[in-house]
Every structure is written in C-alpha cells, then in structure tokens.
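Subject: Structure handover

Hello,

Here is the structure you are taking over. Please open it and keep it in view while you read the notes below.

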Amino acid sequence: MATSRPDCLFCKIVAGEVPADVVRATDDTVAFRDINPQAPTHVLVIPRDHYADAGEAARAGAGVMDAVARDAHEVAAAEGIAASGYRLVFNTGAGAGQTVFHVHGHVLGGRGLQWPPG
Ligand code: AMP
Ligand code: ZN
C-alpha cells in the first residue's frame, strides 16, 4: 500500500505542502526536526510512501524499514550523535503513544537517555 494519503500530515510534508525543517532527503525517505523536541537532537525519519506504522511498513517487504533505519543512522552521524549513542523509536499504536499514523522513526540523542523509557 505504497501511496500518498491526502489527509495525512506527513504525506503533506513529503509533498512540500506543509513546511518542515528538513535535514535529509533521499529517494526513499525524508528526515525533519520534530516540532516538539524531546532531546537536543530529535529528528523524525519517514518513508516517502505512506504506511500507517512500523508493522505495516515491515510487512510490505520492500526494504522500507531498512531505508528508514539506514537514513536514521546517517542523520545521527550528521548530527554528531552516532558515536555517543542515540535512540531510534517507533511508537506503534495509540497505546504506545503513536499520534501520527504515517510510520516515523524518532532519532533522539544529545543527552543521556533513560532505560526503560516511560
Ligand atoms: P508519535 O507520537 O510517535 O506519533 O510522534 C509524532 C511526532 O510528530 C511528535 O513527536 C510530534 O511532536 C511530531 N510532529 C507533529 N506535527 C509535526 C510537524 N508539523 N512537524 C514536525 N513534527 C511534528
Ligand atoms: Zn502519510
């Protein structure tokens, strides 16, 4: 189901219809700063194609999650947090805190990160 959804906020960011602070764009993904950052570096990495969540993207079997993980690492490297450590988070489902239903990996770093998360 690799499509754009007219009612999806992140599809609109991919299309340039909603502004975002884009830090990296590839053929497969777009990465932009979270509007409500939870760490000194907080970037969202999304596939250009619409999948509701990480499970749907993984089951599509088209390397979507590979591309998101690869580009998340490239973002972390560019932000200078790849060596110190970063967290790549996919909130999956409303009960886990997902609020935007276009799969996105949160790249978080630049401060100490607690484990387990809340
Ligand atoms: P989640 O709760 O895992 O679905 O994450 C959604 C994230 O999207 C939250 O961290 C929001 O702060 C972020 N967000 C919502 N709208 C925008 C936007 N227009 N630009 C950048 N980040 C956004
Ligand atoms: Zn979308």
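The notes start with conventions and then go through the metal site, an aromatic pair, a helix and some single residues.

This is a predicted model, in which local features need pLDDT of at least 70 and side-chain atom pairs count only at pLDDT 80 or more, while totals for chains, interfaces and linings use all residues. Residues are numbered from 1 along each chain as its sequence is written, chains are lettered from A and ligands numbered from 1 in the order in which they are written, and side-chain values use heavy atoms, with hydrogens and water left out.

The zinc site

The zinc ion (ligand 2) has as protein donors C8 (SG), C11 (SG), H50 (ND1) and H102 (ND1), at 2.1 to 2.3 Å. Donors are N, O and S atoms within 2.8 Å of the metal (3.2 Å for Na, K and Ca); water is not among the atoms, so sites may look incomplete. Along the chain, the spacing of these donors is C-x2-C-x38-H-x51-H. C8 is in the segment before α1 (9–14) and H102 is in the loop between β4 (86–89) and β5 (105–109), so this pair ties together parts that are 94 residues apart in sequence. Helices (H or I, at least four residues) and strands (E, at least two) are DSSP runs, numbered from the N terminus. The arrangement around the zinc ion (ligand 2) is tetrahedral because its four donor atoms subtend angles of 107 to 114 degrees; four donors count as tetrahedral if all angles lie between 85 and 135 degrees. C8 and H102 are both buried, meaning under 20% relative accessible area (1.4 Å probe, protein chains only).

The aromatic pair

There is one aromatic pair, where rings of Phe, Tyr and Trp (its six-membered ring) pair if their centres lie within 6.5 Å, and planes over 60 degrees apart count as edge-to-face. F10 and F32 form this edge-to-face pair, 5.3 Å centre to centre with 80 degrees between the planes. F10 belongs to helix α1 and F32 to strand β2 (residues 29–33), so the pair ties together parts 22 residues apart in sequence. F10 counts as buried at 5% relative accessibility, and F32 does at 4%.

Helix α3 and T29

Helix α3 (residues 64–79) has 16 residues and reaches 22 Å from its first C-alpha to its last, close to the 22 Å expected (1.5 Å times one less than its number of residues). Its buried residues include V64, M65, A67 and D71. The buried residues of α3 pack against β1 (22–25), β2, β3 (41–47), α2 (54–60), β4 and β5. G80, just after α3, takes a positive phi of about 80 degrees.

T29 is in strand β2 and counts as buried at 1% relative accessibility. The side chains of T29 and D71 are joined by a polar contact of 2.7 Å. A polar contact is a pair of N or O atoms within 3.5 Å; within protein, one must be able to donate a hydrogen and the other to accept it, and residues adjacent in sequence count only if both atoms are side-chain atoms.

A57 and H106

A57 is in helix α2, and at 1% relative accessibility A57 counts as buried. Leaving aside neighbours within four places in sequence, A57 is in contact (heavy atoms within 4.5 Å) with Y51, V64, M65 and V103. The C-alpha atoms of A57 and V103 are separated by 7.3 Å.

H106 is in strand β5 and counts as buried at 12% relative accessibility. A polar contact of 2.8 Å joins its side chain to that of H42.

Regards

Notes:
Tetrahedral: all angles 85-135°; square planar, octahedral: opposite > 155°, others 65-115°. Buried < 20%, exposed > 50% of the residue type's maximum accessible area, 1.4 Å probe, protein only. Phe/Tyr/Trp six-rings, centres within 6.5 Å; stacked < 30°, edge-to-face > 60°.
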